[in-house]
Amino acid sequence: MGLELDAMILKGSSSSSHFSKYYRWESLLHQGRRIIVVGDLNIAPTAMDRCDAGPDFEKNEFRRWFRSLLVEYGGPFFDVFRTKHPDRRDAYTCWPQNTGAEEFNFGTRIDHILSAGSCLHPEHDLQDHNFMTCHVKECDIMIQYKRWKPGNTLRWKARRSIKLEGSDHAPVFTRLGEIPGVSEHSTPALSASVNLNEKTTC
């Protein structure tokens, strides 16, 4: 069986730009394609995903739209990390750069892996058979790659910030299983890497 999988990598995309992207994802799903969306989506979907979420945090229109994409809210996509870790708190992927936030894990989870579509088994049309439940074996945040680590020099010294080198994000990974062999091939025509400068509040 061949593997047909569309991967969309979103780098620093603005929340507003995702509205238009969804029509493309929806079209691919109607064609029976399988989709994985990965990257910095700049949206923390629920209050659990941000350290200082206020009482109106989840009322934001972009957060409501993002949640509408997810299976638990009636959409087609699994939030892979949250599906694997539904109750894990303080699980963040990004921390403010200038406040020493990494040292105290004062962050937000805005880097995501989303999955939608059928599994690769012959009986893929059976209930509970989908790409997430059948093929995603593991997903986690690689906090070992945070810039600040125990033992580092304190972030603040004499009221001046000490710069930490590297990204203010930690990568998220997933491990797939029961995937048929795929020969070496070029990037699928419908895949995309999007890099936008516009930013929105996460």
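**Exercise 1. The start of helix H2**

Find which backbone nitrogen a side-chain oxygen of Asn 60 reaches at the start of H2.

*Solution.* Begin at Asn 60: a side-chain oxygen of this residue comes to within 2.8 Å of the backbone nitrogen of Phe 62. Helices here are DSSP runs of H or I with at least four residues, strands are runs of E with at least two, and both are numbered from the N terminus. Next, look along H2, residues 61–68: Phe 62, Arg 63, Trp 65, Phe 66 and Arg 67 are buried. Buried means under 20% relative accessible area, exposed means over 50%, and partly exposed lies in between (1.4 Å probe, protein chains only).

A word on the model: it is predicted, so local features need pLDDT of at least 70 and side-chain atom pairs count only at pLDDT 80 or more, while totals for chains, interfaces and linings use all residues. Residues are numbered from 1 along each chain as its sequence is written, and side-chain values use heavy atoms, with hydrogens and water left out.

**Exercise 2. Salt bridges of strand E5**

Work out which residues pair with Asp 140 and Glu 138 in salt bridges.

*Solution.* Start with the criterion: a side-chain nitrogen of Lys or Arg within 4 Å of a carboxyl oxygen of Asp or Glu. Asp 140 meets Arg 88 at 2.7 Å, N to O. Asp 140 sits in strand E5 (residues 136–141) and Arg 88 in the loop between helix H3 (80–84) and helix H4 (101–104), so this pair ties together parts 52 residues apart in sequence. Arg 88 is partly exposed, at 30% relative accessibility.

Now take Glu 138, whose partner is Arg 175, with the closest N and O atoms 3.1 Å apart. That pair links strand E5 to strand E8 (residues 172–176), 37 residues apart. Glu 138 is partly exposed at 32%, and Arg 175 is also partly exposed, at 44%.

**Exercise 3. Counting the salt bridges**

How many salt bridges does a search of the whole structure find?

*Solution.* The search finds nine. One of the pairs is Arg 50 with Asp 52, at 2.8 Å from N to O. Arg 50 is partly exposed, at 23%, and so is Asp 52, at 40%. Finally, Asp 49, Asp 79, Arg 82 and Arg 109 are linked in a salt-bridge network.

**Exercise 4. His 121**

Is His 121 buried or exposed?

*Solution.* First locate His 121, in the loop between strand E4 (111–116) and helix H5 (131–135). Its relative accessibility is 17%, so His 121 counts as buried. Then measure across to His 135: the C-alpha atoms are separated by 9.7 Å, and the two residues are 14 apart along the chain.

Notes:
A polar contact is a pair of N or O atoms within 3.5 Å; within protein, one must be able to donate a hydrogen and the other to accept it, and residues adjacent in sequence count only if both atoms are side-chain atoms.
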